[in-house]
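Hi everyone, thanks for coming. Please have the viewer open, and we'll walk through a few spots together.

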Amino acid sequence: MQVRAAKDLKQRITDGLVEAGLTYAGAEAFATPRRLTLAIEGLTAESPTVREERRGPRVDAPEKAVQGFLRGAGLTLDQLEKRDTPKGEVYFALIEKPGRQAAEIVAEVLEAVVRNFPWPKSMRWGHGSLRWVRPLHSILCILTDEDGAQVVPLAIDGIAAGNSTEGHRFMSQGRFSVSSFEDYEAKLKRAHVMLSASERVEHIWHDATNMAFASGLELVEDRALLDEVAGLVEWPVVLMGEIDPEYLELPPEVLQTSMREHQKFFSVRDSKSGKIVRFVTVANRETADNGAIILAGNRKVLGARLADAQFFWHNDLRIAQAEIGNWTQALDNVTFHNKLGSQGTRIARIAALAREIAPVTGADPDAAEQAALLAKADLSSEMVGEFPELQGVMGRYYIAAAGYDAAVAQAAQEHYSPLGPSDTVPSAPVSVAVALADKIDTLTGFWAIDEKPTGSKDPFALRRAALGVIRLVLENDLVLDLNLILTTAFVAHGVLGPDPTNSADCKGVADRTNLLAFLHDRLKVHLREQGIRHDIIDACIAMPNSDDLTLLVKRAQALDAELKTEEGENLLQGFKRANNILSQAEEKDGVEYSFGADPKFAEDPSETALFAALEQAEPQIESALAQEDFPAAMATMAGLRGPIDAFFEAVQINTENQTLRRNRLNLLHQIRATCMKVADLTRIEG
């Protein structure tokens, strides 16, 4: 809320000032737990006088029209000017709005912003009507120039603006006045308030890492927690404490999560053992005992929290070692979605699909199926019930404790990945198989019940799931028959029968086609971030086997690289010229010139050379494509650039000799067909 509030304050104030006619050189907003600050530099002293000329009705217009114009302009009849125009004599009004002092405008804009501030949550207190995130105690608002600081005359619900403020709640005494922003910031620092959030973040990180390093340990990086803690204090004081030895047996993820969620503590790790052994807390004040009492209190509260976590851990381990399958069976009674059944039925679908996908990833089908059946078992555990963010992580521990293979346990944690564009993609074969099955089941399930993303709305994170499928396939270089896998998944959801050609399965076939198009769209976004244009991807999607994403991307990368060369760009222009001439002729003649051109009708040497070049290139391109060597295919195709250019320079296509014309049009068809073997170049723009 602090970050958003600072942005809102800056935008709303500066927009209001500019709209009122003031300009400024720069603005910066700051937030702490107790104050919201905006500093504006180079603000003009007053708004300019505005003169506006407004055209009115004709002089002989009805009285009502003239009076309406006078009211709108705020003038009297004798203040209007008459001018001759092509439409007769017309009234004109010259309206002058005098400029206003900056203090008047600032007071007006600030009051409007404060009274209408967009807090996500706010409260009203006392007898006033003002709503604010917390009771508003004071307003400091000054304008400074070479003559000094001027308090802006402003009062909101009885709170008058002034030139003074307070420092730290506990470590400073009384109010103090300020004469400029620099003076304000410096005096706050002396009053134990760091105004800048970035300075507080840097201070906490610096002290915490140094403290850990001095003990031969390392601080576990947690940027979100760092930002949150920096927003809780005005004068950060970093303290490091010890965790009671009895709790050090807990998995490091449990210790870190419990301390972060309940206490806002940072974790300190032994880099050699990987165990969490200490914690760092950030106090909001300095104390005479250097934080000893604070640490003792924090350690006591932490002990109670970790005792709960330890109970969950021991109880869960006992159940997992006895019969972990009971947890999975319990998920039969947990609804995944009211139209998609229980978590238990979903797990069964994922297990069957993982078995199908396993050979593609190089996993043992039995191991993939077993991993999928157990991957979500920890959803029934007490630890995950307390800390949902540990799902998968705890599954790895519990499955390993139950005696299963390490790859099966690993899949429990990794099958949720990747969770976003920057998340790591698993590479272990079993993990990849289960991760793909999980995401494909999610996609096909919501497609089957018509819960697709619309506009910016994506409540079930289907775009993220689609990107996950794409990254799993591409980063593991998998050759996956998506059409077959999607068909299998839709059959499992009951919207596609065993015979997709049956008319009763039309919805399932349409869903499969629509979902593949959705995956292609997400692939476009993914590749566009890598610098590959959407039209290049479209040209490759139009080719056969476009459901093989790895093959599709290799084709697109090769085409993109070739079109960045001079030969490739010139070949594209030659192709477009051939295609345009051929398409116009076919439309005019009402026939398709797809017969083989005959070299015996070649008249010009360039024509003969083009026949020879095509005859040599076609088998080379076919061979390269068969081996999925797209760069070689593209390079061979680009080699046609010279013969095609020479042909167009020397030969007239639409000659009066109809035999030659037909042969040359058939030759253009051969050029088009040869180039289109690599990609649908008609979709390339430019």
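I'll talk about a small sheet, then the nonpolar cores, then one arginine. Keep in mind that this is a predicted model.

Let's begin with the sheet. Strands of a sheet pair through backbone hydrogen bonds, either parallel or antiparallel. Here we have an open sheet of 3 strands, in the order β8-β12-β11, and the pairing is mixed. β8 (139-140) and β11 (155-156) are at the edges with a single partner strand each, so one side of each has no neighbour in the sheet. If you zoom in on β11 and β12 (residues 159-162), you'll find them antiparallel, joined over 2 bridges. There, A155 sits opposite A160 of β12.

Now for the cores. Which residues touch the most other members of the largest nonpolar core? They are L443 and L559, out of 139 residues in that core. Helix α15 (residues 429-448) gives the core its largest share, 12 residues. There is also a second, separate core of 28 residues, with A107, L136, L154 and I159 among them. Back to L559: beyond its neighbours within four places in sequence, L559 contacts I536, A539, C540, M634, A679, L681 and I684.

Last stop: R200, in helix α5 (residues 197-214). What is the nearest side chain of opposite charge to R200? That's E234, 6.6 Å away, and R200 is buried yet has no salt bridge. Its side chain does reach the backbone oxygen of A230, at 2.7 Å. Outside the four nearest places in sequence, the residues in contact with R200 include Q2, T32, M194 and P236.

Thanks, and please ask away!

Technical notes. Residues numbered from 1 in each chain as written. Predicted model: local features only at pLDDT ≥ 70, side-chain atom pairs only at ≥ 80, totals over all residues. Heavy atoms only, no water. Pairing = 2+ DSSP bridges. Helix = DSSP H or I, 4+ residues; strand = E, 2+ residues; numbered from the N terminus. Core = buried A, V, L, I, M, F, W, Y, C linked by side-chain atoms within 4.5 Å. Buried < 20%, exposed > 50% of the residue type's maximum accessible area, 1.4 Å probe, protein only. Contact = heavy atoms within 4.5 Å. Lys, Arg positive; Asp, Glu negative; His and termini not counted. Salt bridge = Lys/Arg side-chain N within 4 Å of Asp/Glu carboxyl O. Polar contact = N/O pair within 3.5 Å; in protein donor to acceptor, adjacent residues only side chain to side chain.
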